[in-house]
Amino acid sequence: MGMLNIDELKEGMILDCDITDNTKRYRIPRETLLNTKHIRVFKMWGIKEVNIKGISEKKVETEIKTDDNQKLIQEASKIIKIKFIHNNLKHEGVQELFKQSIIYKAQQIKEGKLKPILPKADSSSNIDIKKLKIDENELVKKVTELPTLPEIFYKLNSVINDPRSSANDIEKVISKDSSLTLKVLKMANSSFYGLKTKIDNISRAILSLGTTEIGMLAIGLTFVSYFKDIPNELVDMESFWRHSIACAIASKTIASSKSVPGSERFFIGGLIHDIGRLVLFKFHPANVREAMLYARQNNLFLYEVEDQLLNAKHSTIGRLLVKKWKLPVSIENMITFHHKPTNAQDPIDPAIINLADLIVNALDIGTSGEYLVPILEVETWKVLGVTPSIFETAINQINKQLQEIIKFFIHEK
Ligand SMILES: [Fe+2]
Ligand SMILES: [Fe+2]
């Protein structure tokens, strides 16, 4: 939220305080969605500044600056309303995310970036839901037969998690892989970190950015390059990783804002939260395609359709994988409970991933197959103990970092 000069007000913004005239007889209440008439009235009343919900002054610079603002907002609202169909719009958190999503979508429409990322639901196709069920044992067997992660992944993981290891140890591990070294150095020198001095070796990168940051960066890079070429006809891999990387950024941002220890691990948790979907896409594309259509036709969550009709939840498959790869329990916890954090013994970590996933789904940044915005549970919001301003903070970070990370994680060979 923030105070804005009267000249910076735009249609579609939401008041964060009551505005009254001099006589205090007339009032435009808090939560009003502004239109041109309101702005004219404020000027008539001699109002100089107005408190706007969820909008920082910086954000206004990127606000839509056209006369057909109203039309864009309406068009965006139509799309976003459907996506929020199962959410309670009276909830303070949902309200703010809803509003931010409309602004984001309107910007996308204005820039001509509105392309469908998922197939449209074809209501004429008859889906035989009885045929969707996947043989659980067979799937578990396939998961256990998947290759293990490259050796370097485990080495990095163990040096990062060993309190006795030094910067030297992590440098040794990264330096053994020349392409990884090059990528880490390119990333360290990118505008993403905005360092003033040139980083020409790993030890300097560690000195400037810290052991954990560099370690997690290397792990993330290893991870994505290992999985990015899985052929997938349902959701293209770039879209899948866009969703995952945006979720990684948002998760890390939420964790840092709450000062949760080791916020870097949330980057990895966010990055692989939907990894179980890749397994489903890979081994059961036909079943998942039908499940996706069924979910769209009936306005259901894909993660619920997975549970009820496929008999295979991506969170459970993800958990199997994470166990097989011997990743830390905290990551396993994030993956397993990211759609139902309050089922976890320690719900805070999965709650952070859950909120990040909600944001990324609401903004339509890439996709992992879900069309609707998952429900923001009241209990999860309580566990998180955040305020609605977290959405703008996370979205700003996604805007700032996503393109740069995608460049290094996906496009650099
Ligand atoms: Fe998920
Ligand atoms: Fe997700």
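Hi everyone, let me start with one glycine: Gly194 counts as exposed, because it has 7 C-beta neighbours inside 10 Å. For that label, a residue is exposed if 12 or fewer other C-beta atoms lie within 10 Å of its own, buried if 20 or more do, and partly exposed in between, with C-beta atoms placed from the backbone. Gly194 sits in the loop between helix H8 (178-188) and helix H9 (202-209). From Gly194 to Ser179 there are 15 residues in sequence and 22 Å in space, C-alpha to C-alpha.

Some housekeeping before we go on. This is a predicted model, where local features need pLDDT of at least 70 and side-chain atom pairs count only at pLDDT 80 or more, while totals for chains, interfaces and linings use all residues. Residues are numbered from 1 along each chain as its sequence is written, and chains are lettered from A and ligands numbered from 1 in the order in which they are written.

So how far can we trust it? The pLDDT, the predictor's confidence in each residue from 0 to 100, averages 86 over the chain, and 92% of the residues score at least 70. Among the elements, helix H18 (residues 348-363) has the highest mean, 98, and helix H2 (residues 57-61) the lowest, 40. Over residues 56-64 the pLDDT is below 50, and this stretch has 15 contacts in the model beyond near neighbours in sequence. A contact here means two C-beta atoms, placed from the backbone, within 7 Å. Where pLDDT is low, the predicted coordinates should not be read in detail.

Now the overall picture. The chain has 20 helices and four strands, taken as DSSP runs numbered from the N terminus (helices are H or I with at least four residues, strands E with at least two). Its radius of gyration is 23 Å, close to the 22 Å of the globule rule for 413 residues, so the chain is as compact as a globular protein of that length. That radius is taken over C-alpha atoms, and the rule is 2.2 Å times the number of residues to the power 0.38. The C-alpha trace spans about 75 × 60 × 40 Å along its principal axes. Of the 413 residues, 42% count as buried.

The domain assignment, which is automatic or from a database, gives domain 1 (1-63) and domain 2 (129-411). Their centres, over C-alpha atoms, are 39 Å apart.

What about the inside? The largest nonpolar core has 100 residues, and Val184, Ala250, Ala291, Ala356 and Ile359 have the most contacts inside it. By nonpolar core I mean buried Ala, Val, Leu, Ile, Met, Phe, Trp, Tyr and Cys residues joined through C-beta atoms within 7 Å. A second, separate core has seven residues, including Leu4, Leu9, Leu15 and Val50.

Helix H10 (residues 211-227) is a nice check. Its 17 residues should span 24 Å at 1.5 Å a residue, and its end C-alpha atoms are 24 Å apart, which agrees; the expected span is 1.5 Å times one less than the number of residues. Its buried residues include Ile214, Met216, Leu221 and Phe223.

Finally, two asparagines. Asn299, in the loop between helix H14 (285-297) and helix H15 (302-310), has a positive phi near 50 degrees. Asn311, in the loop between H15 and helix H16 (314-324), has a positive phi of about 65 degrees. Asn299 is partly exposed with 13 C-beta neighbours inside 10 Å, and Asn311 is partly exposed with 14 other C-beta atoms within 10 Å. Thanks, everyone!
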